[in-house]
Structure formats: C-alpha cells, structure tokens
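Reader: Could you walk me through how the aromatic rings are arranged here, and then show me what surrounds them? I'd love one connected account that I can follow on screen.

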Amino acid sequence: MKQIEVFVDEVYQGVGGNEKEIKDLKTEMKNHLLEAVYELKKEGKSEQEAIEIAIDRFGGEKEIRSVVGQLFQAQKIFAKRVLYIAFTFLLLGIISFFSLGLFEYQHYQNVEKVGNEILGSLGTLTTISNDTKEIMVTSVEDNTLIYGIKVNSDNSNSDFEFSEDRQETNPFMKHFNTGFSNKDWSVEMEISNFDDLTYGSLFIGLVVYWVLFTIWATINAYHHRGLNTGWIIAFALLNVVGYLFFRVGKGIRNETN
C-alpha cells in the first residue's frame, strides 16, 4: 500500500507542530484508509480502485491538507493570542500604575501646597484670621479629595475645623490623615487617595501576565517535544528566564543530535 503512505505523507507535508502528534495522526489516518481499502476489496473492487475510492471518501488530498493545515494553524494562533493577551495585561498594569502614580503625586503636591498656604497665612499670629478660615473652607469645597482641615496650636486656644460630609462611592479610595506644622501651628488634613487601586492594578496585570505567559510557554514546549513537569514549574517560577533556559537547552540538544 505504498500509495496510501505517499498520500498520508503528502497530506502532512509542510505542516508544523509537535512531531509525535503528527506521527500519531499520520498513523491513525493510514490505518483508517487501509481499513477502508480492505473493506472495498472484500466488496470486489481491485486494489487500485479501492485505494482511489478510499482516498476520495476521505475527502481527497487537497481538502484533507487544508483541514490539517487549519488545525495546526489554529493551534499556533491560539498560542499567539495567549501571548498577546499576556503582554496586553502587563502593559495595562504598568500604564495604570504610572498614570495613577502621577495623579497621586500631583494630588500630594496640591495637598502640600494647601498646607503650606495655611501655615503661611497663620504666620506668627496667635489667633486664626478670617483669611485663613476662608482658605480652609475653599480648599475643602474645591478639592474633592480633601475632606476636612483642622488647625490648632499648643500656644493658643484658638482652633478651627471645617469638613465636608461627602458620600463616598468609589470603593478604591482610601481615607487617611496627614499633617503639616511649624513651631506655632499644626494643620491636620483628612484626604483620600488611590493607592490601593494604583498597586492593585499593577498586581493584577502582573499576575494575569505571569499565568498566561506560563500557559504560552507550556504550549510551545509541548510543540517542541520538550514538555515535562520540571519545565512547567520553571516557567511558573521564572517566567521569561525559565523559557530562555528551555530554548537554550533545546538548542544544545538539537546540535548534539
């Protein structure tokens, strides 16, 4: 049945992928065709007629090659998409981290500016001036991330406090107090920030990337006939470094063989 072997070899000619998987599929296809030829010959067909009918029933060389090629191409596309999604999550995590970090930096700069402005307005006075009170009220009302400001001094009975009772709808915002002071006055401010979201977005991006890259590396190791439990652990623990070790080791083994 040389013609059957030639047909099967031509179907898989140029198909890239796991060699063992291709070999198993070729063997399975060959067995199906030989079984069909055997049944046709029992029906009275000549060997050549049986081979041609069996191949024709299988779909013909062109159609089968197309199906096989699409199958292995789909595997490659899936692996590529996994890698693209992994790097997309990594990029989004990094962008979110630096964008929110820049926003937080500007927010703290503004808070520090307000604190210094209040201290500058108080100067060496022993009482809180109306101008200072106006600065505090305006700062809270105009800045949604400043919830309240309190001024007091150990050397004065004068103190002033203003706050806004806002309904918090953002679950990622965290409230805390910060303060500024000089030898005469201290300014305490209740503010909020996005620190949890800033670091959370980076963490999520890194975790998703790490998991998807491990899956991609595992798929590639399988197609290169080098997959084993040790490499999966190496990909999971070392990520890109683990995959580079795999590629280097695979290259050395190929040169040795």
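**The aromatic cluster and its surroundings**

Author: Happily! Eight side chains make up one aromatic cluster: Phe 87, Tyr 209, Phe 213, Trp 216, Trp 231, Phe 235, Tyr 243 and Phe 246. Before going on, please note that this is a predicted model, in which local features need pLDDT of at least 70 and side-chain atom pairs count only at pLDDT 80 or more, while totals for chains, interfaces and linings use all residues. Numbering starts from 1 along each chain as its sequence is written, and side-chain values use heavy atoms, leaving out hydrogens and water.

Rings of Phe, Tyr and Trp (its six-membered ring) pair if their centres lie within 6.5 Å; planes under 30 degrees apart are stacked, over 60 edge-to-face, and the rest tilted. The structure has 14 such pairs. In one of them, Phe 103 and Phe 194 meet edge-to-face, 5.9 Å centre to centre with 65° between the planes. Phe 103 belongs to helix α4 and Phe 194 to the loop between β4 and α6 (195-223), so this pair ties together parts 91 residues apart in sequence. Helices (H or I, at least four residues) and strands (E, at least two) are DSSP runs, numbered from the N terminus. Phe 103 is partly exposed at 36% relative accessible area, whereas Phe 194 is buried at 11%. Back in the cluster, the ring centres of Phe 213 and Tyr 243 are 6.3 Å apart with planes at 90°, so they too are edge-to-face. That pair links helix α6, home of Phe 213, to helix α8, home of Tyr 243, across 30 residues. Phe 213 and Tyr 243 are both buried; the cut-offs are under 20% relative accessible area for buried, over 50% for exposed, and partly exposed in between (1.4 Å probe, protein chains only).

Just before α8 (240-256) comes Asn 239, in the loop that follows α7 (229-238). Asn 239 is buried, with 3% relative accessibility, and its phi is near 55°, a positive value in a residue other than glycine. Most residues other than glycine have a negative phi.

Now for the nonpolar core, meaning buried Ala, Val, Leu, Ile, Met, Phe, Trp, Tyr and Cys residues joined through side-chain atoms within 4.5 Å. The largest one has 19 residues, and Ile 118, Ile 146, Ile 149, Val 151, Val 187 and Met 189 have the most contacts inside it. Two or more residues each come from α4 (60-122), α5 (130-142), β1 (146-152) and β4 (186-193), with α4 giving the largest share, five residues.
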